[in-house]
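Reader: I am in my first year and still learning how to read a protein model. Please take me slowly through one buried charged residue and its surroundings, and then show me how that spot fits into the rest of the chain.

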Amino acid sequence: MDQSVAIQETLQREENCLVAVQCDVFFDNITESRLLGLVESTKEHAIFIYTHRRMAITAEDVSLEDIVPISLDFAVVEVSSPEELAVVGADTKVRVSYQERALELRLPFGSHSRFFLSEVNRAWSEVCKSATQAPGFKWVGKYYKATKGLGVVKQALAPSGATLTKLSQQRKTAKSGPSEKERGANAGAPTSKQTGQESQVKSSCEDRDDLVRSSSHTTSNKAQILAMPQFGLRDNIIRCELLKTEDLYTYTEDFSFFLGTYNVNGQTPKESLRPWLSCTANPPDMYCVGFQELDLSKEAFFFNDTPKELEWTKAVAEALHPDAKYALVKLVRLVGIMLIFYIKKEHAEFISDVEAESVGTGIMGRMGNKGAVAVRFRFHNSDICVVNSHLAAHIEEYERRNQDYKDICSRLLFRQLDPTQPPLTIMKHDVIVWIGDLNYRITELDVTTVKELISQKDFETLHGHDQVNVVLFSLRSRVYESLYLPAATRPQLKRQMDEEAVFVGFVEGPIDFQPTYKYDTGSDKWDTSEKCRVPAWCDRILWRGKNIAQQQYQSHMTLKTSDHKPVSSLLVIGIKKVNAEIYKKTFEDIVRNIDKLENECIPSVTLSNREFHFKDVKYMQHQSVTLSLSNDGQVPCQFEFIQKPNEHTYCKPWLTANPPKGFIAQDGSVDIELEVFVNRSTAPKLNCGKEKMEDILVLHLERGKDYFISVMGNYLPSCYGSSIHSLCQLREPIQDMPQETLRRVAENSQTDDETDTEKPLDIPKELWMMVDHLFRNALNQEDIFQQPGLRIEFAEIRDCLDTGIPDSLPGSNHSAAEALLLFLDALPEPVVPYSFYQQCLESCSSASQCEKIISMLPQCHKNVFNYLAAFLRELLKNSASNRLDVSILATIFASLLLKSPTKQDLAEKRRSQEFFQHFLTQGSS
């Protein structure tokens, strides 16, 4: 989770938190957790140090303790011991000093810490470059009153009021003396007492590269060599050639991976997990253990904080195989979805590039009750990714589960060691393991039939009706069934083999155990509740990659804590290892060959096309085409899309090239996806024709020439991204209107010109259609405005609003509700115009003043506000069935109706919610 958001809420608008990282601060023999934020203001930087009581989500979760300005008196030095440096995956210890103050920190292993340190390094380098203009840090003064006590820096060095000593004095008196790493980093560095600021800057700048270490790099680890940061063309050529010849210097060796998944239904551990986690005869080399529904409380959902994390982590640690010693590598959790990664201690030094990420798939992509967590890592020379997901529930939500899977695959990204490289997706790994409560069910059979087949152990028949099995089988059998099976015999397969198939390339071993859901808690009895769920294999383990063999796949019926049974799989995976001697010879041969070619040839590529046209582009509908580059020159080449003169980016905001830069080996090729996507920020000007979908991309070859690529598109105007005023002027669907009319209406809306003879609509007809649909169909809909809809249904609703076809809205109530929220979110001027924002906040405590402000809004905006408030009050009358309350609706709608023209802090969010709550209570007009 990005904790910089919590820090940002504590800052004033002039300051910006660039990056935040959680760390441990050393106080004598104890450590305490702190949150560090790199804050920027007027090109000056400082590290803000906060205490925090939980995972920091809002300003209430943090308290400013100290501030360390990044000036010429600032330094950061690594102080990790030689033993720690020898272990890949170890945390990074650094000493931060400022003037005569200092403290030691331990940053967690991973790229986020590396990124934080690199940004600190960059900020310090900027100070060095402008040494004649020493930063003043006047802006910092206003925050010191918020700090408490001596500050963490003084406390760390001077417990109980001891006299401060300089960093240099500490080094001299340290019992063990400085490490060789620390000594090398500071050799010849001038002290703060040295004269000659210019000399100080020059010396410090020269040493700076050695001060911050990439926390995942050790030269003794051969697996890490290929993952080192590469920046120049020559380095990229070497790296590419090494990857091409990888088979020459690598060999495979088998390692065992234990995978486990358990939906614990919000329970605490009541029994030993040994029957599950120690079920193998020999201790596995690695454990990846996933949990779902770790905590079902509202506190966990809203604050991502739960005591059950520690309880279940402890239960896992106590249940690992007793015949081996294991080290915890990573733990990642999103609300109730948790993944724990252990490895045998003797293998720990061969683990590198460990990253953890999470993604929520709740409404508007912002809720974390469903989604996934993942860990990726390099083991020896193989890249591995483990995903633990909890997909949408209920037997009829098959399409929602598919959408969750696609969202996870597209949105879960891992930052690379080289920050200039694009992030890694799940599929960019040698081995992928996907575990979790996938929630796919057994269909077309009633509960009695399913239980009877289970009692007969006729799992083969059940497999034919299992949604996951059908997906995996259908992918393998697409060609076969289309050629050999009559149409009448394949309705279910056809239903599930849409053009956007899920789990492509994944494999699941044979299932010879009974369904793992749903049981009465504490027993082996099937669900006896009123709902009487149909048993299903919700809990699954799938994999994708080469050299993988499954040794076992089973459920564990003896565990009765939850309404699910845990599942385990033992995979034996062939891992690529490096032969150091052959690698060295291969590397030297490559370098010799490159030396011969360097500077002799100019790079050149052939483009598959130089003109691209996107047809009928729609709001929030992704389109892409492929540009193929073929290296027809005599040398490898490096390409990049570059900015045109007087432009800040290489392309218009609705266009992206993926990847925007890259490397092509000699005689090689690369496919670049040119993608268009119109969102709320780009739609307004495209809707009214002020901007056209036209751009020129400049493709640059290093040491070569530039190529120009023309991109055009035909954008279909939408009510999404159009103003309230404009839509009230349009009695016909927006796509039936001439472009010139849309342009004129947009211009009139900016000047408040009401000269048109035809009376405008009271509210946009599109808004009326959505609200009317929800009023007639969704007043009693459980979790309305809290559960997401389907993206395909949103597209149908958008098309209906923009074309008038069909007459009534398609899709589910949840899709219609989310479409309404997206409509409000896309308005270029919110329902309460920006010019009224400050007045609303100032009057939030007075209901009469709030109503007076609304009465002053432009007529069409006032109508929309009152119409929506009346509808929401009707929803609240049915709160017993739809589970809404004033607080939930105020939180959701205040942020959409009452937007800040600039950055909104926490206090403003609360006041805007207080303002809107007046209109949700009974009796408000």
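Author: In this predicted model, arginine 441 is in contact with Ala393, His394, Ile395, Arg401, His465, Asp466, Gln467, Tyr517, Ala536 and Cys538, once its neighbours within four places in sequence are left aside. The residue itself sits in the loop that runs between β15 (431-437) and α15 (447-455). Although arginine 441 is buried, it takes part in no salt bridge, and the nearest side chain of opposite charge, that of aspartate 437, is 6.1 Å away. A salt bridge would need a side-chain nitrogen of Lys or Arg within 4 Å of a carboxyl oxygen of Asp or Glu, and so the distance of 6.1 Å to aspartate 437 does not qualify. What the side chain of arginine 441 does have is a polar contact of 2.7 Å with the side chain of asparagine 439.

It helps to set beside this a charged residue that is exposed. Lysine 428 is found in the loop between α14 (398-411) and β15, and with a relative accessible area of 58% it counts as exposed, because the cut-off for that word is over 50%. The C-alpha atom of lysine 428 is separated by 9.1 Å from that of isoleucine 384, although the two residues are 44 places apart along the chain.

Salt bridges come next. Side chains of opposite charge can pair when their charged atoms come close. The model contains 42 salt bridges, and among them is the one between arginine 106 and aspartate 24, with 2.9 Å from N to O. Because arginine 106 belongs to strand β7 (residues 101-107) and aspartate 24 to strand β1 (residues 16-27), this pair ties together parts of the chain that are 82 residues apart in sequence. Arginine 106 is partly exposed, at 25% relative accessibility, and aspartate 24 is also partly exposed, at 22%.

Arginine 34 and glutamate 32 form another salt bridge, again with 2.9 Å from N to O. Here arginine 34 is buried, at 5% relative accessibility, whereas glutamate 32 is partly exposed, at 33%. In a further salt bridge, arginine 376 is joined to aspartate 383, and their closest N and O atoms are 3.4 Å apart. Both arginine 376 and aspartate 383 are buried. Salt bridges that share partners also link Glu14, Glu15 and Lys142 into one network.

To see the wider setting, it is useful to step back to the whole chain, which has 31 helices and 27 strands. Of its 925 residues, 53% count as buried. Among the contacts between residues at least 6 apart in sequence, 71% join residues at least 24 apart.

One sheet deserves a look of its own. Strands of a sheet pair through backbone hydrogen bonds, either parallel or antiparallel. In this open sheet, 5 strands follow the order β20-β27-β26-β22-β24, and their pairing is mixed. Strands β20 (611-617) and β24 (661-664) stand at the edges with a single partner strand each, so that one side of each has no neighbour in the sheet. From one strand to the next, the twist averages 25°. Within the sheet, β26 (residues 694-701) and β27 (residues 706-715) run antiparallel and are joined by 7 bridges, one of which can be followed by eye, since histidine 700 has aspartate 706 in β27 as its bridge partner.

Finally, there are some points of backbone geometry to check. Most residues other than glycine have a negative phi, and most peptide bonds are trans. The peptide bond from asparagine 658 to proline 659, however, is cis, with omega near 5°, and proline 659 lies in the loop between β23 (655-658) and β24. A cis peptide bond also joins isoleucine 805 to proline 806, where omega is about -5°, and proline 806 is placed in the loop between α24 (791-803) and α25 (813-826).

As for phi, asparagine 265 is not a glycine, yet its phi is positive, at about 55°. Asparagine 265 lies in the loop between β8 (250-263) and α11 (274-277) and is buried, with a relative accessible area of 18%. Cysteine 532, likewise not a glycine, has a positive phi of about 45°. Cysteine 532 is in the loop between α18 (491-496) and β16 (539-545), where it is partly exposed, with a relative accessible area of 28%.

Notes
Residues numbered from 1 in each chain as written. Predicted model: local features only at pLDDT ≥ 70, side-chain atom pairs only at ≥ 80, totals over all residues. Heavy atoms only, no water. Helix = DSSP H or I, 4+ residues; strand = E, 2+ residues; numbered from the N terminus. Buried < 20%, exposed > 50% of the residue type's maximum accessible area, 1.4 Å probe, protein only. Lys, Arg positive; Asp, Glu negative; His and termini not counted. Polar contact = N/O pair within 3.5 Å; in protein donor to acceptor, adjacent residues only side chain to side chain. Contact = heavy atoms within 4.5 Å. Pairing = 2+ DSSP bridges. Axes fitted to C-alpha atoms, helices over the stretch in contact; angles between N-to-C directions.
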